[in-house]
Amino acid sequence: MKTITGKRVLVTGSGHGLGLEIARAFARGGAEVIITDRDLRRVEDAVYRLTTEKLKVCGYVMDVTDAADVRVVREQILSEIGSIDVLVNNAGIVTGGAFLSVPLEKHLATYDVNAAGPVIVSHLFLPDLLAQSEGHLVNVASASALIPLPNAATYASSKWAVLGFTESLREELRLAGHRNVTVTAVCPSYINTGMFNGVKAPLLTRLLTPEWLADQIVRCVLKRKEQLVAPALVNLLPLAKATWPHRVFGWLLDLIGVSTSMAQWQGHGPAAPVIPVTPPVVEPTAAKDREPITTAH
């Protein structure tokens, strides 16, 4: 994509954390950003924060696990704003802990948001990207999509699903001749957003900042990159996994601290302070009557 100036960018799960920084990075580059989150207050807060920075944004309440809800929001966006150029499937949740100590409901919710969510949103918005002269789909997976991650079995496997979906869809579009749409998989290590409160970064790595990663995602769109793995050292792990004996590779993960990195996961960190908001309250249950959440500059 030659430029993001004037492009419409939809970011799921962008009411806080990495999603908010992705929205900010695109908006600073001149894009018109559509913030979506299933939490109304987060959408209002995110819109308020970015509009006070003189950035062009609006927001919709959207649950990525509910196809009917996503369909309604898409129709509203088409009617009120227009077709999007870039879709960033960022929405995700994490639950740590020994597999049997985590309630089954939480495991299933992880799959619903992390794996089914990108499929639902992509299925409904991909036709809009294909209709553009340049379109871009970004799926935020994880470095854990490349390796096993004890104490986060369903989180890691849900991200394996995201990576497999991304790579398979990319090849499908290539074979169909849709060269105008680029599909990118983002595979970051632990990010300092509060989602991984208590984790220990593996040897020779650090917690990534959401601001840095958001900037890298924008660059991927501009350069039409198909994959972003961060930090760069993580690129060596798939090679080792493919060429080393299983036990030796397991020993490597133990040595650098990957195997125990989630052992002290404490859950989500404290939420950011809530800023008073001025947009009108929109009832999230009244999907058909929703209006985009906006704030005047």
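In the predicted model, R224 is placed in the loop between helix α6 (210-223) and strand β7. The phi angle of R224 is near 60°, a positive value in a residue other than glycine. R224 is partly exposed, because its relative accessible area of 41% falls between the limits of 20% and 50% that separate buried from exposed residues. A second residue of this kind is K54, which occupies the loop between α2 (40-51) and β3. Its phi is near 65°, again positive although the residue is not glycine. With a relative accessible area of 60%, K54 counts as exposed, since the cut-off for that class is over 50%.

A further feature of the backbone is found after strand β7. The peptide bond that joins A230 and P231 is cis, with an omega of about -5°. P231 belongs to the loop between β7 and α7 (236-243).

The chain as a whole may now be described. Eight helices and seven strands are present in the protein chain. Of its 297 residues, 52% are buried. Among contacts with a separation of 6 or more, 71% are between residues 24 or more positions apart.

The seven strands form an open sheet, in which their order is β3-β2-β1-β4-β5-β6-β7 and the pairing is parallel. Strands β3 (57-61) and β7 (227-230) are the edge strands, each of them pairing on one side only. From one strand to the next, the twist averages 15°. Within this sheet, strand β1 (residues 8-11) runs parallel to strand β4 (residues 86-89), and three bridges join the two. In this pair, V9 of β1 stands opposite V86 of β4.

Two helices that pack on the sheet are α4 and α5. Helix α4 (residues 104-130) lies across four strands, namely β1, β4, β5 (135-140) and β6 (181-188), and runs at about 170° to β4. Helix α5 (residues 153-175) also packs on the sheet, where it touches β5, β6 and β7. The direction of α5 makes about 160° with that of β6.

Helices α4 and α5 also pack against each other, at an angle of about 20° and with their axes 8 Å apart. The two helices are therefore roughly parallel, as the angle is under the 35 degrees that bound this class. The crossing in which α4 passes α5 is right-handed. On the α4 side, the contact is made by H107, T110, Y111, N114, A115, P118, V119, S122, L126 and L130. These residues meet T154, Y155, S157, S158, K159, A161, V162, F165, L169 and L173 of α5. By character, the residues of this contact divide into 12 nonpolar, seven polar and one charged.

Helix α4 has another helical partner in α3 (residues 67-80). The angle between α3 and α4 is about 25°, and their axes are 9 Å apart. Helices α3 and α4 are therefore roughly parallel to each other, with an angle under the limit of 35 degrees. The crossing of α3 with α4 is right-handed. Helix α3 contributes A67, V70, R71, R74, I77 and L78, which meet I120, V121, L124, F125 and D128 in α4. In this contact, eight residues are nonpolar, none is polar and three are charged.

The last residue to be considered is I4, which is found in the segment before β1. I4 counts as buried because its relative accessibility is 4%, and the cut-off for burial is under 20%. When neighbours within four places in sequence are left aside, I4 is in contact with F26, G29, G30, A31, V218, V221 and L222. A further comparison of sequence and space is given by I4 and A27, which are 23 residues apart in sequence, whereas their C-alpha atoms are 8.8 Å apart.

Notes
Residues are numbered from 1 along each chain as its sequence is written. This is a predicted model: local features need pLDDT of at least 70, side-chain atom pairs count only at pLDDT 80 or more; totals for chains, interfaces and linings use all residues. Side-chain values use heavy atoms; hydrogens and water are left out. Two strands pair if DSSP finds at least two bridges between them. Axes are lines fitted to C-alpha atoms, for helices over the stretch in contact, and angles run from 0 to 180 degrees between N-to-C directions. Contact means heavy atoms within 4.5 Å. Buried means under 20% relative accessible area, exposed over 50%, partly exposed in between (1.4 Å probe, protein chains only). Angles under 35 degrees count as roughly parallel, over 145 as roughly antiparallel, 65 to 115 as roughly perpendicular and the rest as oblique. A crossing is left-handed if the near helix is turned anticlockwise from the far one by less than a right angle, and right-handed if clockwise. Ala, Val, Leu, Ile, Met, Phe, Trp, Tyr, Cys and Pro count as nonpolar, Asp, Glu, Lys and Arg as charged, and the others, Gly among them, as polar.
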